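Me: I have just opened a structure that is new to me. Could you walk me through it with some questions and answers?

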Amino acid sequence: NIRIAWNWAFETGDLETVNRSLETVWLLCELRGWFQDGADAFSRVLNFLAARNDDSSFLRAKAYTRLGRCQLRLGLLSEAKESLASALESVSDDFSEHAFVLNNLGLVARDFQDVEKARDYFTKSLGLYREAKDTWGIANVLNNLGDVALALEGFEEAQHFYQESLELHRQRQDLRGMGLALVNLGAVFECQGNVQEAKHLFSSSLETALDLADPYVENRAITRLAQLAFVTKQFEDAKNYYQQSFELASSMGNRAEAAH
């Protein structure tokens, strides 16, 4: 039904419906791992606006941002960076949207292994989300700041960020956010040598992901379980988990994760 409505909006030139449904289409693609579908959908918005010579700069920026997010999930980092840069100049008047662009630029920088630049983007994003009182955004950026701290081996700081993110997601009853925070908390315990607690948290995250039928979170949890099994010399378990992870990443079109 969402696909039919989306197609109808373009066929009838109903820009208002495209604008109002943009977030829904992105969330659907994000939660189901349909990243190529999402990239196609937001490219369609941009082509639609260009063909009409439409000057809806904020709508164009939102489309570029979500296109960049999908490209990021597909492992197309240079393309994602370019799309997000195209959005940045037109979102400064909207705190939440501006913060969302910066957060995604931080994710791109993180995946390029530029941890300091990633932290700078995330910190600026967090400030804007706090000004907007956007708890979903705050919780997500705290999680990403935890990733930066973990990469720098600041385990106590990482745990603090992940725990704060988890509590906010619990308050919002956001199961997906909780699943991501749990798997990341597990990574902290793994790095500190607490294998049992790490496995418990990874398994809790996986259970949440399976309940939600969310392949992205499922893949994150299975990958961590695979790595944990490998380092504890449970090689048959590791092999099975890695195979599942590879199949999930491939099904989502995430070539970087599949290669990993």
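Reply: Happy to. A polar contact here is a pair of N or O atoms within 3.5 Å, and this is a predicted model.

Me: With that in mind, which residue's backbone oxygen lies 2.9 Å from a polar atom of the side chain of Thr 65?
Reply: Thr 65 belongs to helix α4. A polar contact needs two N or O atoms within 3.5 Å, and the 2.9 Å here satisfies that cut-off. The backbone oxygen belongs to Ala 61.

Me: Is Thr 65 buried or exposed?
Reply: Buried means under 20% relative accessible area, and exposed means over 50%. The relative accessible area of Thr 65 is 0%, so Thr 65 is buried.

Me: Let's turn to α12. How far apart are the end C-alpha atoms of helix α12?
Reply: Helix α12 covers residues 215-231, which makes 17 residues. At 1.5 Å a residue, the helix should span 24 Å. The model agrees with this, as the end C-alpha atoms of α12 are apart by 24 Å.

Me: How many of the 17 residues of α12 are buried?
Reply: The buried residues of α12 include Pro 215, Tyr 216, Ala 221 and Leu 228. The helix is largely enclosed by the rest of the structure, because the number of its residues that are buried is twelve.

Me: Which residue caps the N-terminal end of α12?
Reply: Look for a side-chain oxygen that lies 3.1 Å from the backbone nitrogen of Tyr 216. This oxygen belongs to the capping residue, Asp 214.

Me: And which residue takes a positive phi just after α12?
Reply: Here the place to look is just past the end of the helix. The phi there is about 65°, and the residue is Lys 233.

Me: Which residue has its charged end over the ring of Tyr 216?
Reply: A charge sits over a ring if, among other conditions, NZ of Lys or CZ of Arg is within 6 Å of the ring centre. In this case the charged end is 4.0 Å from the centre of the Tyr 216 ring. The residue is Arg 73.

Me: Now for the largest pocket. Which element gives the most residues to its lining?
Reply: The largest pocket holds about 950 Å³ of space and is lined by 28 residues, with Arg 110, Asp 111, Asp 147, Arg 220 and Glu 257 nearest its centre. Elements that give two or more residues to this lining include α4, α6 and α8. With six residues, the element that gives the most is α12.

Me: How many aromatic pairs are there?
Reply: Rings of Phe, Tyr and Trp pair if their centres lie within 6.5 Å. By this rule, the number of aromatic pairs is seven.

Me: How do the rings of Phe 10 and Phe 48 meet?
Reply: Their centres are 5.2 Å apart, with 90° between the planes. Phe 10 is in helix α1 and Phe 48 in helix α3, so to speak of the chain, the two are 38 residues apart. Planes over 60 degrees apart count as edge-to-face, and this pair is edge-to-face.

Me: What kind of aromatic pair do Phe 100 and Trp 136 form?
Reply: The ring centres are 6.3 Å apart, and the planes make an angle of 50°. Phe 100 in helix α6 and Trp 136 in helix α8 are 36 residues apart, and their pair links distant parts of the chain. Planes under 30 degrees apart count as stacked, over 60 as edge-to-face and the rest as tilted, and this pair is tilted.

Me: Is Trp 136 buried or partly exposed?
Reply: Its partner Phe 100 is buried, with a relative accessible area of 4%. Trp 136 has 25% relative accessibility, so Trp 136 counts as partly exposed.

Me: How many of the 17 residues of α8 are buried?
Reply: One buried residue, Asn 143, is found in helix α8, and its relative accessibility is 8%. The helix is largely enclosed by the rest of the structure, because the number of its residues that are buried is 14.

Me: Which residue has a side-chain oxygen that reaches the backbone nitrogen of Trp 136 at the start of α8?
Reply: The oxygen comes to within 3.3 Å of that nitrogen. The residue is Asp 134.

Methods
Residues are numbered from 1 along each chain as its sequence is written. This is a predicted model: local features need pLDDT of at least 70, side-chain atom pairs count only at pLDDT 80 or more; totals for chains, interfaces and linings use all residues. Side-chain values use heavy atoms; hydrogens and water are left out. Helices (H or I, at least four residues) and strands (E, at least two) are DSSP runs, numbered from the N terminus. The expected span of a helix is 1.5 Å times one less than its number of residues. Buried means under 20% relative accessible area, exposed over 50%, partly exposed in between (1.4 Å probe, protein chains only). A polar contact is a pair of N or O atoms within 3.5 Å; within protein, one must be able to donate a hydrogen and the other to accept it, and residues adjacent in sequence count only if both atoms are side-chain atoms. Rings of Phe, Tyr and Trp (its six-membered ring) pair if their centres lie within 6.5 Å; planes under 30 degrees apart count as stacked, over 60 as edge-to-face and the rest as tilted. A charge sits over a ring if NZ of Lys or CZ of Arg is within 6 Å of the ring centre and within 35 degrees of the ring normal. On a 1 Å grid over the protein atoms alone, a cavity is a set of points where a 1.4 Å probe fits but cannot get out, and a pocket is an open set with protein on both sides within 12 Å along at least five of seven lines; lining residues have an atom within 4 Å of a point. Grid points are joined across faces, edges and corners, and a volume is the space filled by probe spheres set on the points.
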